[in-house]
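Subject: Handover of a structure and notes on its contents

Dear colleague,

Please find below the structure that I am handing over to you. My notes on what was found in it follow directly after.

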Amino acid sequence: MLQEFDHQSTSDHRSGHQETGADADQHTPDVRPTLFRDRSFWGIITTQFLGAFNDNLYKQLMLLLAIPAASAAAQVSTDTPATDVQGWAGLVFALPFVLFSGFAGYLSDRYSKTPIIVLCKYAEILVMALGLIAFWYYDLFGQTGTWLVLFLMATQSAFFGPGKYGVLPELFREYDLARANALMLMSTFLAIILGIVSAGVVKEFLGGESAQQLWSGLLMCIAIAVIGTITAKMIRYVPAAHPQLPLSMDCLGISRDMSQLFRRDRPLLAAIFVSSIFWLVSGMAVPTVNRLGMEQLAVGEARTSVLTACVGLGIMLGSPISSIICRSRWGNSAVNIGLGGIAAALLLLGVWRDQHHWLGYWGSFVCLIGVGVFASIFSIPVMVFLQSRPPRELKGRLIATMNQANFMGILLAGPLYQLFEWLSGQFGWPISSVFWMMAALVLP
């Protein structure tokens, strides 16, 4: 799929494309600063870190609140589909990315990506404030309020994504792009780890058996959103990639330009498809691990959150390996090795004996880290390929289309998780059996 990885600057710049900015005349020296001396690098990586922390802290608090009812029902019956609503929460989170990513990609190409990033961070402050209100007045608004905030949080992230990833090739030199993506991925998943673990710790510390007891945790989210807005202003201004781009109906979905690009460039379409399948499986992993820790292993909220964060830890550990592979032009092998490793680890995680998990807590801990390592080896070459291959004026819309495809996968992950956990109950299997069903999706 990535066999033409190092030909992005010539064969993929389509006829009529006028190179400007980062794609300027190849004979012009690149005077942009090296990665670690670039103030914009520290600005974008810190901004992304803080945003990912907030997203995962809030979402994990919601998921942990959704589990006790399912666990209680599981004690009296193996049929628990009506009580475990984690899959539907995943659907609510994914829906804005499917609905709004096309328009977000249009804005990212039509206007400078820098002010869009800053405006999205201001929106994050407002959303986190609404989250505090939803938790404080849970008796009044109920679950509807917290889920509405989850939807708004995902909407903010949908508009943030095309600018965040599309700006990287405009800010940094081509040679630094793989390293920038690897470090971005490492910092993002460090934030995911800390956000998920913090949710478990906050819930136990505050004695949060109900949403009203957890409102003070949202004060931290508001403060972090404010800091993230300040760091976003460190990112230097980049000119609009396509300032004359007209708004049309196809900009709200997959634009005509993107459809034509995919018809001409089959490897690009293949990369989008494989990426979406990967995120479909990833969207099922978090609720499955949450149920594994709370129900089958019965280790409590804090240790369950640590278990859920292991995938993020593995991605951090795998990012430097993937960066080296990517810079060595071995992208094809990395994609296949990564997906094969993910499938093998999922098969191990699914094994049980007499309803008891075969690996136990620490075995699952190690195996989930392995899932993350292989996920990193898979995902970074695909991300660099998708960022660098399209012409400059289509980069924002390509990232938006990738977001739509990935979150269509995550959108389908919610109902699929509900189906798979229902099937496990019907057959009298423990929740770990869902890992086998996930492996069956990856193997083809």
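Is Ala-191 buried or exposed? With a relative accessibility of 0%, Ala-191 counts as buried, because the limit for that class is under 20%. Please bear in mind throughout that this is a predicted model.

**Overall composition**

The protein chain contains 14 helices and 2 strands. It has 444 residues, of which 57% count as buried. Among contacts in the chain with a separation of 6 or more, 85% are between residues 24 or more positions apart.

**Ala-191 and Pro-169**

Ala-191 belongs to helix H6, which covers residues 177–205. Leaving aside residues up to four places away in sequence, Ala-191 touches Phe-49, Ala-52 and Phe-53. Leu-50 lies 141 residues from Ala-191 in sequence, yet the two C-alpha atoms are 6.9 Å apart in space.

A second long-range pair involves Pro-169, which is located in helix H5. The C-alpha atom of Pro-169 is separated by 7.0 Å from that of Ser-388, although their positions lie 219 residues apart along the chain. Pro-169 has a relative accessible area of 11% and is therefore classed as buried.

**Helix H12 and its two partners**

Helix H12 (residues 360–388) packs against helix H9 (residues 266–296), their axes coming within 11 Å and crossing at roughly 155 degrees. Because angles over 145 degrees count as roughly antiparallel, H9 is roughly antiparallel to H12. The handedness of this crossing is left-handed. On the H9 side the contact includes Pro-267, Leu-268, Ala-271, Phe-278 and Leu-292, and on the H12 side it includes Ser-364, Leu-368, Phe-378, Val-382 and Leu-386. By class, the residues of the contact between H9 and H12 comprise 14 nonpolar, 3 polar and no charged.

H12 also meets H6, with axes that come within 10 Å and cross at roughly 130 degrees. H6 and H12 are therefore oblique to each other. Their crossing is right-handed. From H6, the contact is made by Leu-177, Ala-178, Asn-181, Ala-182 and Leu-185. From H12, the residues are Ser-376, Ser-379, Ile-380, Met-383, Val-384, Gln-387 and Ser-388. This contact of H6 with H12 has 7 nonpolar, 5 polar and no charged residues. Ser-379 of H12 appears in the contact with H9 and also in the contact with H6.

**Salt bridges**

How many salt bridges does a search of the whole structure find? The search finds 8. Three of them are described here, beginning with the pair formed by the side chains of Glu-170 and Lys-113, at 2.7 Å from N to O. This pair links distant parts of the chain, as Glu-170 is in helix H5 (residues 168–171) and Lys-113 is in helix H3 (residues 113–136), 57 residues apart. Both partners fall in the buried class: Glu-170 has a relative accessibility of 8%, and Lys-113 has a relative accessible area of 0%.

The next pair, Glu-124 with Lys-121, has its closest N and O atoms 2.4 Å apart. These two residues are separated by about one helical turn, because they are 3 residues apart in helix H3. Glu-124 counts as buried at 2% relative accessibility, and Lys-121 counts as buried at 1%.

In the last of these pairs, Arg-173 forms a salt bridge with Asp-176, with 3.1 Å between the closest N and O atoms. Asp-176 is buried at 2% relative accessibility, whereas Arg-173 counts as partly exposed at 23%. Elsewhere, Asp-109, Lys-113 and Glu-170 are joined into one network by salt bridges that share partners.

**Points to view together**

For a view of the helix contacts, H12 may be displayed with H9 and with H6. For the charged pairs, a useful starting place is the bridge between Glu-170 and Lys-113, which belongs to the network that also contains Asp-109.

With kind regards

Terms used
Residues numbered from 1 in each chain as written. Predicted model: local features only at pLDDT ≥ 70, side-chain atom pairs only at ≥ 80, totals over all residues. Heavy atoms only, no water. Salt bridge = Lys/Arg side-chain N within 4 Å of Asp/Glu carboxyl O. Helix = DSSP H or I, 4+ residues; strand = E, 2+ residues; numbered from the N terminus. Buried < 20%, exposed > 50% of the residue type's maximum accessible area, 1.4 Å probe, protein only. Axes fitted to C-alpha atoms, helices over the stretch in contact; angles between N-to-C directions. Parallel < 35°, antiparallel > 145°, perpendicular 65-115°, else oblique. Left-handed = near helix turned anticlockwise from the far one by under 90°. Contact = heavy atoms within 4.5 Å. Nonpolar A, V, L, I, M, F, W, Y, C, P; charged D, E, K, R; others polar.
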